[in-house]
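Student: I've got the model open and I'd like to talk through its rings and helices. Can we start with the aromatics?

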Amino acid sequence: MQDVNNFLLEKADGSLSTSEKYGYVIAAYLRFLKELEVHYTEVDREVSKLYIRKLLLWSPSNSSVLSSKETQKSFSALKTIVYSLANFYDYLITANKTSINPFYVPSKGRKNNAEAFLNGIVSNRDSEKTILSRNLTYKETRHWLKWYTTAEIEMICSTFNRYRDKVIFLISIETGMRIGEILGLRLSSFDYNKQLLIIKDTENTENDTGAKTGGRIVPISPLLSSVILFYLESERIEVASHDESNEHYLFLTHQGPTKGKAMGTRNYLRILKSAGKRAGFEESEMRTHSGRSTTIQRLLELIDEGVPGVSIKFMEEVLGLQERSFKHYKKSLKARYKSKTKEVLDSRTPLQSLKSLQPQKQIEE
């Protein structure tokens with residue numbers, strides 16, 4: 001089991017929540033192998049396929065008969081399982097613990113393609129369902145708001161019941177920070193004079209948030225800096241001393257049993273969905289990642305316009321992404337982040353066009 005522990009520790013360097021998800025997948029897989037009395041280093045392709053069939057409640061005694069019990073596994077869930085186990089075996093190969101990856105299928109130059117592995121075991125098309133895939137749950141196609149227009153930002157901002165929630169939303173829109181990174185900010189993470197937000201590479205156990213891709217420094221506009229300061233000097237004071245163990249977090253809850261504690265991602269998602277609904281959107285359309293997507297889209301447009309100082313390298317540094325994330329959009333700009341770049345971004349921030357950033361009458365939520 002030391003191999004498993006070492007693998008999970010390696011994944012925990014990026015995110016504890018990611019490591020936890022890998023742990024659940026591997027634990028279920030090891031229980032299956034224990035029933036077969038097969039060691040994980042001795043698994044071949046047939047055993048790996050048998051495991052997928054077991055997840056679909058397939059009866060090995062008769063391949064044309066399915067278990068009467070209904071499975072809740074979706075095709076996307078199966079892909080996640082295959083991807084996780086393939087990563088585990090990649091680690092074992094690197095550590096010289098095994099020589100084959102039973103979940104590996106090369107496809108179009110990718111290191112591993114989970115969907116290619118599942119091909120022939122299950123089908124992802126309703127019109128081509130196999131006997132096995134009849135026992136598979138298919139998720140409905142979801143329609144997300146992938147990024148916001150200025151008008152949509154204005155509409156959503158006007159429906160938040162608390163200024164705190166508006167500030168969180170605006171940070172995501174301007175900086176592209178992930179929601180876990182925003183809610184993991186401390187008071188010390190905000191520098192009003194230098195107009196910076198500092199993301200620290202720490203795991204915040206109080207609200208299970210943290211930096212997914214390491215720490216970094218994010219420049220913000222004078223306008224956003226003023227918005228954050230206004231929140232700190234007004235609404236946040238109401239609960240700042242309610243829970244001393246959490247008071248160093250930038251964003252705190254305002255009511256209920258968690259009053260004064262660090263705000264969690266699920267709580268904010270609920271608030272965002274409610275705000276979106278009041279603004280006329282479907283709750284299912286709202287996601288916390290859309291602010292980040294809006295920032296990426298805006299920066300790519302600035303690069304396309306040839307704005308000096310805004311480059312793929314700059315995006316890597318500020319967003320915590322690698323260049324391959326932008327391989328569909330390559331430019332030869334080499335300028336790094338400088339004061340001129342910040343001036344351009346400050347003048348082009350989407351917050352600049354909003355009618356008002358002052359809090360309206362506060363309503364309990």
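Tutor: Sure, definition up front: rings of Phe, Tyr and Trp (its six-membered ring) pair if their centres lie within 6.5 Å, with planes under 30 degrees apart called stacked, over 60 edge-to-face and the rest tilted. This is a predicted model, where local features need pLDDT of at least 70, side-chain atom pairs need 80 or more, and totals for chains, interfaces and linings use all residues. Residues are numbered from 1 along each chain as its sequence is written, and side-chain values use heavy atoms, leaving out hydrogens and water.

Student: How many aromatic pairs does the structure hold?

Tutor: Some rings join up, with Phe-7, Tyr-22 and Tyr-29 among the members of one aromatic cluster. For the structure, the number of aromatic pairs is 15.

Student: Phe-190 and Tyr-192 form a pair; which kind is it?

Tutor: The centres sit 6.4 Å apart and the planes make 65°. That angle is over 60 degrees, the cut-off for the label. So the Phe-190 and Tyr-192 pair is edge-to-face.

Student: Is Tyr-192 buried, exposed or partly exposed?

Tutor: Buried means under 20% relative accessible area and exposed over 50%, with partly exposed in between (1.4 Å probe, protein chains only). Phe-190 has 11%, so Phe-190 is buried. Tyr-192 has 38%, so Tyr-192 is partly exposed.

Student: What about Tyr-231 and Phe-251: what kind of pair is that?

Tutor: Tyr-231 is in helix α9 (residues 222–233) and Phe-251 in the loop between α9 and α10, 20 residues apart; helices here are DSSP runs (H or I, at least four residues) numbered from the N terminus. Tyr-231 is buried at 0%, and Phe-251 is buried at 0% too. Their ring centres are 5.4 Å apart with planes at 25°, so the pair is stacked.

Student: Now the helices. How are α7 and α10 oriented to each other?

Tutor: Axes are lines fitted to C-alpha atoms, for helices over the stretch in contact, with angles from 0 to 180 degrees between N-to-C directions. Helix α7 (residues 163–175) and helix α10 (residues 265–278) pack at about 95°, axes 11 Å apart. Under 35 degrees is roughly parallel, over 145 roughly antiparallel, 65 to 115 roughly perpendicular and the rest oblique. Therefore α7 and α10 are roughly perpendicular.

Student: And α6 with α7?

Tutor: The axes of helix α6 (residues 150–157) and α7 come within 10 Å and cross at roughly 160°. Therefore α6 and α7 are roughly antiparallel.

Terms used
Helix = DSSP H or I, 4+ residues; strand = E, 2+ residues; numbered from the N terminus.
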